[in-house]
Amino acid sequence: MSAVPSTAADDGDVVGLLSESAADFCARALPRARLRGLRGARPAFDRSAWREMAELGWSGILLDEGRGGLGLGLPAALAVARALGRVAAPEPFVECAVAAASVLGAAEAPALTAAVLTGERVIVAALGNFGDDPFALVAAHPDPHGVRLFGRIAPLPVAPDADVWLVPARLDGEAAWCVVEAGNTGIEATPRELADGTRDADVEFVDVAASVLCTGLAAQTALADARGRSEAASAAYLVGLAETLFEMTREYVGTRRQFGQAIGSFQAVQHRLVDVYLGLRLAAATLDEGVEAIEQGPVEAAARAASRLRYRACTTALHAAREAVQLHGAIGYTDECDVGLLLNRALVVCARYGQAGQHAARLARIGFGEGGADGAAETPAVDPELVPPDGDWNALDNGRFRAVVRAWHEAHYPVALRHPRRRLRWHECRDWYQTLHRRGWAAPGWPRAHGGMGLAPDKLLIFIEERERLGVARTPDQGIIMIGPLLMAHGSAAQQAHYLPKALSGEHIWCQGYSEPNAGSDLASLRTSAVLDGDDFVVNGQKIWTTLAQDANQMFCLVRTDAEAKPQAGISFVLIDLASPGITIRPIRNLAGDEEFCEVFFDDVRVPVSNLVGQLNDGWTIAKALLGFERFFVGSPKTCRFALGRLAALAAARGLAEDPVYRDRYIRDALDVADLEALYKAFADQIRRGETLGADVSLLKIFASETYARLSETILEIAGEAGAQVEAVDFGAGEPIDVLSPYYNARPTPIYGGSNEIQRNILAKAVLGLPSR
């Protein structure tokens, strides 16, 4: 079974049911064993299998019911394409059922449509090379029987094995789609042999008879639809293909033995596979998010979404193929190993609809990443004090919600606190927090029943984007993002009633007591003890790396309550009032010279038994849940979005915004941040459904922290000679820019919450099921 989440079937979930049936058909009717026999064959795919797919309705999946199709839309087409990708099927689903069907959908061509639906004829569309205007490549001259074509298209996908070609041309100065029988006189087709054994062709048209399908705006719209849908469907195909490469490699490293052990037990191998899995999860999340923009958005938004899908899918598929060869060792480079079949297919599909770099270049031309997907857009004028009916912020459309969040923060957030170079202390941001609390915005992710905003994931990301755009500082928020959600899930009714309102109001400021001098990532080795004495625990020991403990008055803390039990079995979770006698707090100065962390010492500190959360000696269960919330929070895209904004501002100030080298780098970073946001939304949805976060939430933490670190290093590089300046740098264009603090702030993020190396270990075992040593 795949470790990668896929579309699941719920009652009435047509796409989910189709995904399941497609996977079943592909596993049964399209085994990988057939692929070697098809290489170099004419045609290089199985026409009988293609007709079976047509009988299932797949060839008409995008054609509406009035034309005899299923009319299920792009999500369904992507589900089928992903299933076909898992078996590296060479049948022309994308070329015929997506590209050609999208063109046919713009015209009245019942005979051609019927031929597509039955699968009896293979019809393909020439979409032109990536970035070209295909209408400029062929001229169409009217004649009494239709038109005559003159020009050249190179390449035309699947042309040697297709029956009919849909060819874009220029007719009387207008765009036109023309229909050409593949055997017509005047065609000079030069086949191109491709890596997987299939063929395209370079086609010269010399006075070739054709008929006109559609012209003008209809033809241009058909091209845009066909390109966007084909790019999306081919991206889904590549994701499916990468999933199979991942599964093949995971299975192989679990059985291949060297040095007396399965090679999948070696940490270096595990970490490489975890990174492939991370890429798959990002690609899957991006697919889910991009479909709506392609189907319903304006042309530029659709192109932007399609390029984003293709960039991530191509990157992921080629990464999975590269690692599959490497981790299979020498056998992975032989023809007898199936890895090569999928690798070669990936090369073909990546090349056919635009490589990752080409899509990054297109995004650089049309714009991507500035201020988030919509953050740079102007917002309508609104009353910043607006309160929606019944207090339900999710009832507002996203544009209006963004406008309210932006207007209110611009009206109320202190200018002096914008873009601080370090974490603010409580005395510096207390007044701002109280303003936020009075507005009811202190806990955007909490349920409304507990005083939060109850924001859906899309609204939560807008809230984050707008705060980052303005440079809103992070307040001491452990009570909001960690202990609050944990008490909602695991606390008693009395604990919820006592602690949640005070965390929300700011009366209680919380810190976390987890790490100890010899128990950081190996948290189960903690030694701080809590001995039961009447109605109290007596706590002795030390915590370290406790963020802003000097400002806190409460701590949630892990303590050892059974010294004889196994390490994880003798731990309890308690809430400690830091005003209790016997507590000493000592700040620690960090690399930037700030006192953000602390050591906390406990000497015979008495903690009421009523402050125990959950059961005695069951604190590890609570701790894992809380670590899930912490990793979810650390995986928030807000720091990456902030760093991306700083990078864009810095490049503009230094006159580099249009430099092609910088622009390419920026677009790739912006794509990483956007795809991080998509993955974050997927986990946020899980929380909203009341589901417990699993070990896979560590993917968020890994990708967010490493993306932030990379962005911070790019900022220093772009800053040049100013890259070591402590104070904000005045480049003479706009506001001074702090270039150094993102670098300092990014250093601990791959460490806290469990180092990224340990997170990869956890993922390898708990999610990927790799063997232990």
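## Exercises on salt bridges and a buried serine

Arg-67 and Glu-108 form a salt bridge in which the closest N and O atoms are 3.6 Å apart. The model used in these exercises is a predicted one.

**Exercise 1.** Work out which parts of the chain are linked by the pair Arg-67 and Glu-108, and classify Arg-67 and Glu-108 as buried, partly exposed or exposed.

*Solution.* Begin with the position of each partner: Arg-67 sits in the loop between α3 (47-55) and α4 (74-86), while Glu-108 sits in the loop between α5 (93-104) and α6 (110-118), so that the pair, 41 residues apart, links distant parts of the chain. Next, take the accessibility of each residue. Arg-67 has a relative accessible area of 23% and is therefore partly exposed, whereas Glu-108, with 68%, is exposed.

**Exercise 2.** Locate Arg-308 and Glu-289 in their helices, and find which network of salt bridges includes them.

*Solution.* Start from the contact itself, a salt bridge whose closest N and O atoms are 2.8 Å apart. Arg-308 belongs to helix α9 (residues 299-328) and Glu-289 to helix α8 (residues 267-296), and the two residues, 19 residues apart, link distant parts of the chain. Then compare their surroundings: Arg-308 counts as buried because its relative accessibility is 10%, while Glu-289 is partly exposed, with a relative accessible area of 27%. Finally, widen the view to the network of salt bridges, which links Glu-289 and Arg-308 with Arg-312, Asp-669, Asp-672, Asp-675, Lys-681 and Arg-710. For the model, the count comes to 55 salt bridges.

**Exercise 3.** Decide whether Glu-595 and Arg-589 are buried, partly exposed or exposed.

*Solution.* The two residues form a salt bridge, with the closest N and O atoms 3.4 Å apart. At 34% relative accessibility, Glu-595 falls into the partly exposed class; Arg-589, at 55%, counts as exposed.

**Exercise 4.** Describe the surroundings of Ser-712, giving its helix, its accessibility and the polar partners of its side chain.

*Solution.* First, place the residue: Ser-712 lies in helix α20, which covers residues 698-719. Second, assign its class; because its relative accessibility is 0%, Ser-712 counts as buried. Third, look for polar partners of the side chain, where a polar atom lies 2.7 Å from the backbone oxygen of Ala-709, and where a polar contact of 2.9 Å joins Ser-712 to the side chain of Arg-747. Last, set aside the neighbours within four places in sequence, and Ser-712 is found in contact with Pro-742, Tyr-743, Ala-746 and, once again, Arg-747.

Key: Residues are numbered from 1 along each chain as its sequence is written. This is a predicted model: local features need pLDDT of at least 70, side-chain atom pairs count only at pLDDT 80 or more; totals for chains, interfaces and linings use all residues. Side-chain values use heavy atoms; hydrogens and water are left out. Helices (H or I, at least four residues) and strands (E, at least two) are DSSP runs, numbered from the N terminus. Buried means under 20% relative accessible area, exposed over 50%, partly exposed in between (1.4 Å probe, protein chains only). A polar contact is a pair of N or O atoms within 3.5 Å; within protein, one must be able to donate a hydrogen and the other to accept it, and residues adjacent in sequence count only if both atoms are side-chain atoms. Contact means heavy atoms within 4.5 Å. A salt bridge is a side-chain nitrogen of Lys or Arg within 4 Å of a carboxyl oxygen of Asp or Glu.
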